[in-house]
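Please open the structure in your viewer and keep the sequence panel beside it. The tour below goes from one selection to the next and says what is there.

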Amino acid sequence: MTKSCLNKHEFLHTGERPYRCEICNVGFPRKTNLKIHYRSKQHQTNAANAVLDDASSDGETETDSISKDFDV
């Protein structure tokens, strides 16, 4: 085993999770794990909800937004 491989392996035992998903508030030890998470159903659902929450928090309702889109 090379020194580089050993360092990567030892990192798993530290419990450190530097790669974080800000939407789901979960961390991963490797960047590849985070990329897999981004494709997960859980993340997709949380991301969609976050977009809806942002639209609601600016004081505009979903109905207001739709009305603007169609000039109602």
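Over which residues does pLDDT stay under 50? Select residues 65–72: pLDDT, which is the predictor's confidence in each residue on a scale from 0 to 100, stays under 50 there, and for this stretch the model has 3 contacts beyond four places in sequence, a contact being heavy atoms within 4.5 Å. This is a predicted model, in which local features need pLDDT of at least 70 and side-chain atom pairs count only at pLDDT 80 or more, while totals for chains, interfaces and linings use all residues. Residues are numbered from 1 along each chain as its sequence is written, and side-chain values use heavy atoms, with hydrogens and water left out.

Next, colour the whole chain by pLDDT: the average is 82, and 79% of the residues score at least 70. Switching to a cartoon shows 4 helices and 2 strands, in the order α-β-β-α-α-α from the N terminus on; these elements are DSSP runs numbered from the N terminus, with helices being H or I of at least four residues and strands being E of at least two. Of the 72 residues in the chain, 12% are buried, where buried means under 20% relative accessible area, exposed over 50%, and partly exposed in between, with a 1.4 Å probe and protein chains only.

Now select residues 19–48, which the UniProt annotation "domain: C2H2-type", from an unreviewed entry, covers; its positions are given in the numbering used here, the feature name is shortened, and such annotations may be inferred rather than shown by experiment. Over residues 19–48 the chain is 53% helix and 20% strand, with the end C-alpha atoms 21 Å apart.

Within that range, go to Asn25, in the loop between strand 1 (19–21) and strand 2 (26–28). The phi angle of Asn25 is near 60 degrees, a positive value in a residue other than glycine. Asn25 counts as exposed because its relative accessibility is 58%.

Then move to His43 in helix 3 (residues 41–57), which counts as buried because its relative accessibility is 8%. Show the neighbours of His43: leaving aside those within four places in sequence, this residue is in contact with Cys21, Ile23, Cys24, His37 and Tyr38. With the side chains of His43 and His37 displayed, look for the polar contact of 3.4 Å that joins them; a polar contact is a pair of N or O atoms within 3.5 Å, where within protein one must be able to donate a hydrogen and the other to accept it, and residues adjacent in sequence count only if both atoms are side-chain atoms.
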